[in-house]
Amino acid sequence: MKFATKAIHAGQEPDPTTGAVMTPIYQTSTYWQKSPGDNKGYEYSRGTNPTRKALEDCLAALENAKYGLAFSSGMGATDAVLKLLQPGDEVITGNDLYGGSYRIFTKIFTKYGIKFHFLDLSNPENMVPYINDKTKLVWIETPTNPTMQIIDIEGVAKITKAKNLILTVDNTFASPYLQNPIDLGADIVMHSVTKYIGGHSDVVMGALVTNDEQLYKDLWFIYNACGATPGPQDAFLVLRGIKTLHLRMKAHCENGERIAHYLKTHPKVDKIYWPGFEDHPNHEVAKKQMRGFGGMISITLKGADLEETFRISSNFKVFTLAESLGGVESLINHPATMTHGSIPKEEREKVGVTDNLLRLSVGVEDIDDLLEDLANALA
């Protein structure tokens with residue numbers, strides 16, 4: 001099946017009891033057993049739930065993978081991957097990273113003896129000197145949050161496979177519609193389902209998908225044992241959101257391109273980060289591994305201090321000043337004090353996350369209204 005068909009049908013069959021076309025919300029914590037251990041595949045909803053299982057199968061299909069797991073948040077999914085490690089293990093990751101990922105790496109897992117290397121991975125070869133017999137995991141985002149760096153997934157995968165390392169790709173910014181890391185050699189794909197996949201800013205959820213049966217079994221054990229699993233109502237809402245993912249992503253990309261070109265020549269904009277520009281670092285890699293450039297754009301404001309940046313970010317009427325991204329509504333975010341506030345100033349500024357940087361999540365509103373809002377806010 002092609003993507004749009006999978007988004008609407010994968011993992012979902014008419015309900016065998018009633019014929020309901022939409023997957024029912026199985027709002028139950030436990031399941032009847034004919035005798036101890038003799039059940040219909042479900043025992044307790046922390047581990048398995050039919051609504052969640054339909055979603056997991058759909059997510060796996062969208063990423064061209066065999067196995068999917070849904071978590072109560074993207075951080076719950078991230079936590080599960082890191083729990084595959086042992087004290088003394090080492091992780092290679094990017095130097096431009098979602099603030100929540102940086103926080104869990106540095107504030108939680110370093111306490112348990114895990115060592116993290118934060119590197120510029122725009123060239124995959126940069127990681128080679130840091131690989132040793134303790135290295136077990138490589139974790140990358142592409143495009144990165146918030147400076148839209150592009151990392152060559154296939155190039156990284158060639159190195160990780162040769163060294164027998166687990167490669168996990170955070171595919172949140174691209175979504176399965178624009179990029180499929182499993183096809184490029186990744187072992188695990190992570191999503192903050194809250195974002196483009198859910199798409200309506202009404203659910204918090206995460207997901208992992210993989211083709212590796214042993215990895216799936218190991219992750220499922222953590223998922224069930226540690227319990228960061230979502231309820232059926234949220235799973236139902238995400239299944240509903242997925243059905244329009246292909247339509248929404250087309251609109252995000254179209255609006256994103258128009259706005260990126262508008263901002264590139266705006267007198268108030270100093271730098272613009274959007275992988276669709278030919279002068280964007282690794283633009284050719286983005287063209288190769290993505291099917292479009294998405295609706296995420298970051299800009300720095302020319303000559304603006306923190307006070308002026310706050311004034312402009314608070315001056316929008318259509319764009320909403322808020323955390324998160326990927327919903328149908330356009331959002332504007334100040335990473336230094338919002339999504340990346342947990343990263344020390346000197347560390348974030350090394351990769352361009354400065355006080356005058358704003359991140360835009362371009363929604364699917366009428367483009368003329370969005371352009372007018374930008375013009376007024378930046379005036």
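**Exercise 1.** Which residue in β12 is the bridge partner of Leu331? Work in the predicted model, and place the pairing within its sheet.

*Solution.* Begin with the two strands concerned: β11, residues 331-333, and β12, residues 357-361, run antiparallel and are joined by 3 bridges. Within this pairing, Leu331 has Ser361 of β12 as its bridge partner. Next, widen the view to the open sheet, whose 5 strands follow the order β8-β9-β12-β11-β10 with mixed pairing. Because β8 (269-273) and β10 (320-321) each have a single partner strand, they stand at the edges, and one side of each is left without a neighbour in the sheet.

**Exercise 2.** Determine which strands of the sheet are crossed by helices α9 and α11.

*Solution.* Take α9, residues 245-264, which lies across β8, β9 (296-301) and β12 and runs at about 15° to β9. Then turn to α11, residues 306-313, which lies across β9, β10, β11 and β12, with an angle of about 20° to β12.

**Exercise 3.** Establish whether Lys195 is buried or exposed, and describe its surroundings.

*Solution.* First locate Lys195 in the loop between β6 (188-192) and β7 (206-210). Lys195 is buried, yet it has no salt bridge. The cut-off for a salt bridge is 4 Å between a side-chain nitrogen and a carboxyl oxygen, whereas Asp170, the nearest side chain of opposite charge, is 8.2 Å away from Lys195. Finally, leaving aside residues up to four places away in sequence, Lys195 touches Thr172, Ser324, Leu325 and Gly326.

Definitions and conventions. Residues are numbered from 1 along each chain as its sequence is written. This is a predicted model: local features need pLDDT of at least 70, side-chain atom pairs count only at pLDDT 80 or more; totals for chains, interfaces and linings use all residues. Side-chain values use heavy atoms; hydrogens and water are left out. Two strands pair if DSSP finds at least two bridges between them. Helices (H or I, at least four residues) and strands (E, at least two) are DSSP runs, numbered from the N terminus. Contact means heavy atoms within 4.5 Å. Axes are lines fitted to C-alpha atoms, for helices over the stretch in contact, and angles run from 0 to 180 degrees between N-to-C directions. Buried means under 20% relative accessible area, exposed over 50%, partly exposed in between (1.4 Å probe, protein chains only). Lys and Arg count as positive and Asp and Glu as negative; His and the chain ends are not counted.
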